[in-house]
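User: I would like to learn how to read strand pairing, burial, cysteines and pockets in a model like this one. Could you take me through them step by step?

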Amino acid sequence: MLDGVLIENTYNMKILITGTAGFIGFHLAQKLLGQDCDIVGIDNINDYYDPELKFARLAECGISKANVSWHREAQSTKYSNYRFIRMNIENKGELMSLCAREKFDIIVHLAAQAGVRYSILNPDAYAQSNLLSFLNILEVSRHNPVKHLVYASSSSVYGLNATMPFSVHDNVDHPVSLYAASKKANELMAHTYSHLYRIPTSGLRFFTVYGPWGRPDMAYFLFANAISEGRPIQVFNHGKMKRDFTYIDDIVSGIISVMNSPAEPNKDWDATHPDPASSTAPYRVYNIGNNNPVELMGFIEEIEKNMGRKAVLEMKGMQDGDVQATWANVDDLINNFNYNPSTNIQIGIKNFMEWYKKFYNK
């Protein structure tokens, strides 16, 4: 276990989760709602992908679409310890008022403008959603001190790095998309606030998260849609891709472990040989992945198997902003938290496809 302060569990904690209508935020909230903690979720429910899926996730947690309106609190009918507010975290004043009123113990910041390819076409969205919003989260954590700020980073920060598996102890100074650059910027911003104001911050570099209730812009979801409709699927780099696909339950397990152990200064940190994943400040960065990269074509075959039909493949070159392979070194999570990602793609894709067929009546 990581040296320093330990929150034994999240019981009796008041927790703010941003992005609770999103994929990871929804699953994290569901997991925590079984505990005796008070959760407030916020999300702007934008139209980057179908808002109806986001409303459906909220409904699973007892938040009816009819009760969701801007800036007003909606109480879950399923969980007495869950409230939801539709709001933009770019609005610093509103976020500050919420945090001053609620006095959160932990903030888990998962809201962001996602998408590597979308960032090439819509760069302005990333400055607002990923930079300004994160600054606001840091500011409310400063003025309303929290025990721990946990935030989403991304495996995309590794960019041109070629040493596998990717390690948080390596420098990541060569991103290849604006999305990746915005996530690297978040880590730098967090370190600054940890250093100046001693706010414990932990950044989580997620590796290709998949599973039920997932994001429709992700490749596996696009593949399932295309195969079910008999349309060709675009396979980039002619299928010569590997991804460290990580099942949502393993991601949530890692998040909760990190939440419960606020970042502490690294007493062995050496300024002459600086470790990018820690600091003299209460700052940490972790990879959360499966530590087992899978060939893209093998992943597609699992979807085909569960769909009961073959895909029509449309081979493409490498997409701008993309990388050929990802592979997470998760030694720090294993050593500090006994992290054990246990869901293989056979089980993970089966679970996703069962949900997909039921939700979309396929």
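Analyst: Let us begin with pairing: two strands count as paired if DSSP finds at least two bridges between them. Please keep in mind throughout that this is a predicted model. By that rule strand 2 (residues 38-43) and strand 4 (residues 82-86) are paired, since they are joined in the parallel sense over 5 bridges, and one of the contacts puts Gly41 together with its bridge partner in strand 4, Phe84.

User: Which strand is joined to strand 2 by 5 bridges, running parallel to it, besides the case you have just described?

Analyst: That is strand 1 (residues 14-18), which runs parallel to strand 2 and is joined to it by 5 bridges; within this pair, Ile15 stands opposite Ile39 of strand 2. The connection can be read as well, because a crossover is called right-handed if, with the strands pointing away from the viewer, the path from the first strand over the helix to the second runs clockwise. Strand 1, helix 1 (residues 23-32) and strand 2 form a right-handed β-α-β unit of this kind.

User: Where else in the chain is there a right-handed β-α-β unit?

Analyst: Another is made by strand 6, helix 6 (residues 178-197) and strand 7. Strand 6 (residues 148-154) and strand 7 run parallel and are joined by 6 bridges, with Ser154 having Phe206 of strand 7 as its bridge partner. Strand 7 also pairs with strand 12 (residues 283-288), again in the parallel sense and over 6 bridges, and there Leu204 stands opposite Tyr286 of strand 12.

User: How should I read burial along a strand, and how many residues of strand 7 are buried?

Analyst: The general idea is that in a regular strand the side chains alternate between the two faces of the sheet, and a residue is called buried when its relative accessible area is under 20%. In strand 7 (residues 201-206), 6 of the 6 residues are buried. Both faces are covered, with Thr201, Gly203 and Arg205 buried on one side and Ser202, Leu204 and Phe206 buried on the other. In strand 2, 5 of the 6 residues are buried, and that strand too is mostly covered.

User: How many disulfides are found in the whole structure, and why is Cys99 not bonded to Cys37?

Analyst: A disulfide requires two cysteine sulfur atoms within 2.5 Å, and the search of the whole structure finds 0 of them. Cys61 is in no disulfide, the nearest cysteine sulfur being that of Cys37, 12 Å away. For Cys99, the closest cysteine sulfur is again in Cys37, but a bond is ruled out because the separation of 16 Å is too far. Burial is a separate reading: Cys61 counts as buried because its relative accessibility is 2%, and Cys99 is buried with a relative accessible area of 3%.

User: Finally, what lines the second largest pocket, and how do its lining residues divide?

Analyst: A pocket is read from its volume and then from its lining. The second largest pocket holds about 230 Å³ of space and is lined by 15 residues, of which Leu188, Asp275, Pro276, Ser278 and Tyr283 are the closest to its centre. Helix 6 supplies the largest share of this lining, 4 residues. In chemical character, the lining divides into 6 nonpolar, 4 polar and 5 charged residues.

Definitions and conventions. Residues numbered from 1 in each chain as written. Predicted model: local features only at pLDDT ≥ 70, side-chain atom pairs only at ≥ 80, totals over all residues. Heavy atoms only, no water. Buried < 20%, exposed > 50% of the residue type's maximum accessible area, 1.4 Å probe, protein only. Helix = DSSP H or I, 4+ residues; strand = E, 2+ residues; numbered from the N terminus. 1 Å grid on protein atoms, 1.4 Å probe; cavity = no way out; pocket = protein on both sides within 12 Å on 5 of 7 lines; lining within 4 Å. Points joined across faces, edges and corners; volume = space filled by probe spheres on them. Nonpolar A, V, L, I, M, F, W, Y, C, P; charged D, E, K, R; others polar.
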